[in-house]
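Trainee: I am new to this one. Can you walk me through it with questions and answers?

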Amino acid sequence: ADALQIRSLFLRCVESINDILTVPTAPRILSDSVSLLGGPLADQIIKAASDVIAEHFDQYEVEDLRRLPPSTLAQILRRDDISIMHENEIFDFVVEMASSLISSGRGDEAQQLWQGIRFGALSNNYVVRAAQVDMIPRMTLIWSKVLNRNGNHALQALMQEQCLSEGRPIPAPPNPRKPFKDMVCAVMYSVDTDARNDQDVERNITAATLVAEEIEFLGGKAILENIFARPPSVRDSTESGIIMEQVDVAFVLAPWTPSEKRIARLINFVDQGGGAVLLSFIGGLSKGVWRDLEYEPLITGKVGDDTPYEDVYLSSPTFASLDVGTVGTKRSQDTLSCPRILCGVDSINGRRRIKSTLVEGAKVLAKWSDGQPLVVQHPEKNVFSISQRVSRIFELDDDR
């Protein structure tokens, strides 16, 4: 229609493209546009299809995207807004895609894909794997780790200068992906700042602040709120708080008894399909209506005050293999591969002196080294519970 200069037909074709451009059709439309079209029209269609693929990248299998030109696919892999849980998922994808390209004698095209990985954001186990790939220069891995979360423009310029002088490709930018793009997250913590002013208060406020900072770092918007149940004499008469209808997911850290009104809002939020990630330990949500109605999938029980703390770590299940043979299996919360909620986490260290029981039907996604549940998924609701002391939440060995 464009070549024939028939405007009405051209506009009709554009409308049809908009109608058929969906997640399943986007790879073929992009591939056909690259090979059959040219000029501004092709650029528009390629951009629209690339946007769809980037936004829904985690829904595709490797085979779905194999038809794309590697140069176009490399551009998608370099985007900040590509839909992934962690950079490890990009690495797994490229391993499988590059392997098929190399086996067909297209090593140069495979190199383009490797350049789309932000190596500094890989977990430590995956950096070890990357070091075993001949196409990845060792200095690229070193520079990427140095620059990750650094923001030092002088070092970045020095790295680029060294790459150019040595004839090596410039690595993907060290700025973070944006998996939380356009997401609004409530960070709800319960701390009695008036009655207590000790180390536990400081640690819990620090933990909530770190969660909020990480959300912002990954492209989301975090709203902090202290939901502690205050006496009537000191309550805010307006009872203002987070408008849960504007929130996508809630992170809840509640070591002290939270406001019943705030918990009622949280329950309504979950009932409407909202997601919640909870830090479960003695106090807070371990009692009251939240527990009574079984919104809490992991019920913690108190032990004697003289019970010593025990140093524990993330247990390594037999299915958490990093062998190349497992690459290509899509991660989910229900598959035998490492659940997506733990993607990128190599290890977690903590201290415990609590015992836990599960709500009937709850799924254990990870365990502590002492066999107690670490991450639990509610059997019916979009609620995840993490059995961890708040004061140690930021002690992840990975930079997450």
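Mentor: A salt bridge is a side-chain nitrogen of Lys or Arg within 4 Å of a carboxyl oxygen of Asp or Glu. This is a predicted model: local features need pLDDT of at least 70, side-chain atom pairs need 80 or more, and totals for chains, interfaces and linings use all residues. Residues are numbered from 1 along each chain as its sequence is written, and side-chain values use heavy atoms, without hydrogens or water.

Trainee: How many salt bridges does a search of the whole structure find?

Mentor: Side chains of opposite charge can pair when their charged atoms come close. The search covers the whole structure, and the number of salt bridges found is 11.

Trainee: Take Asp92 and Arg129. How far apart are their closest N and O atoms?

Mentor: Asp92 and Arg129 form a salt bridge. The gap between their closest N and O atoms is 3.4 Å.

Trainee: How many residues apart in sequence are the parts that this pair ties together?

Mentor: Helices here are DSSP runs (H or I, at least four residues), numbered from the N terminus. Asp92 belongs to helix H6 and Arg129 to helix H8. The pair therefore ties together parts whose separation in sequence is 37 residues.

Trainee: Are Asp92 and Arg129 buried or exposed?

Mentor: Relative accessible area decides: buried is under 20%, exposed over 50%, partly exposed in between (1.4 Å probe, protein chains only). Asp92 has 14%. Arg129 has 11%. So Asp92 is buried, and Arg129 too is buried.

Trainee: Which residues do salt bridges that share partners join into one network?

Mentor: Two members, Arg79 and Asp81, form a salt bridge with closest N and O atoms 3.0 Å apart. Asp81 is partly exposed, at 25% relative accessibility. The full network is Lys47, Asp51, Arg79, Asp81 and Lys181.

Trainee: Now Arg28 and Asp32. About how many helical turns separate them?

Mentor: They form a salt bridge, with 3.6 Å between the closest N and O atoms. Both sit in helix H2 (residues 26-36), four residues apart. That spacing means a separation of about one helical turn.

Trainee: Of Arg28 and Asp32, which is exposed and which is partly exposed?

Mentor: Arg28 has a relative accessible area of 53%, so Arg28 is exposed. At 27%, the residue that counts as partly exposed is Asp32.

Trainee: Back to H6. How many of its residues are buried?

Mentor: Helix H6 spans residues 87-103, with 24 Å from its first C-alpha to its last. Its buried residues include Ile90, Val94, Met97 and Leu101. H6 is mostly covered: of its 17 residues, the buried ones number 12.

Trainee: Which helices are included in what covers the buried residues of H6?

Mentor: Cover is judged by contact (heavy atoms within 4.5 Å). Among the buried residues of H6 are Asp92 and Phe93. The cover includes helix H4 (62-65), helix H5 (70-77), helix H7 (107-114) and helix H8 (124-130).

Trainee: Which residue with a positive phi follows H6?

Mentor: Its phi is near 75 degrees. The residue is Gly105.

Trainee: How many aromatic pairs does the structure hold?

Mentor: Rings of Phe, Tyr and Trp (its six-membered ring) pair if their centres lie within 6.5 Å; planes under 30 degrees apart are stacked, over 60 edge-to-face, the rest tilted. The number of aromatic pairs held by the structure is four.

Trainee: Why is the pair of Phe57 and Phe93 called edge-to-face?

Mentor: Their ring centres are 5.1 Å apart. The pair counts as edge-to-face because the planes meet at 70 degrees.

Trainee: Where in the chain is Phe57, and where is Phe93?

Mentor: The pair links distant parts of the chain, 36 residues apart. Phe57 is in the loop between helix H3 (39-55) and H4, and Phe93 is in helix H6.

Trainee: Are Phe57 and Phe93 buried or exposed?

Mentor: Both residues get one verdict. Phe57 and Phe93 are buried.

Trainee: What angle lies between the planes of Phe91 and Trp114?

Mentor: Phe91 and Trp114 form a tilted aromatic pair, 5.7 Å centre to centre. The angle between the planes is 55 degrees.

Trainee: Which helices hold Phe91 and Trp114?

Mentor: The pair ties together parts 23 residues apart in sequence. Phe91 is buried, at 1% relative accessible area, and Trp114 is buried at 5%. Phe91 lies in helix H6, Trp114 in helix H7.

Trainee: Which residue forms one aromatic cluster with Phe91 and Trp114?

Mentor: The cluster brings together Phe91, Trp114 and one further residue. That residue is Tyr126.

Terms used:
Helix = DSSP H or I, 4+ residues; strand = E, 2+ residues; numbered from the N terminus. Expected span 1.5 Å × (residues − 1).
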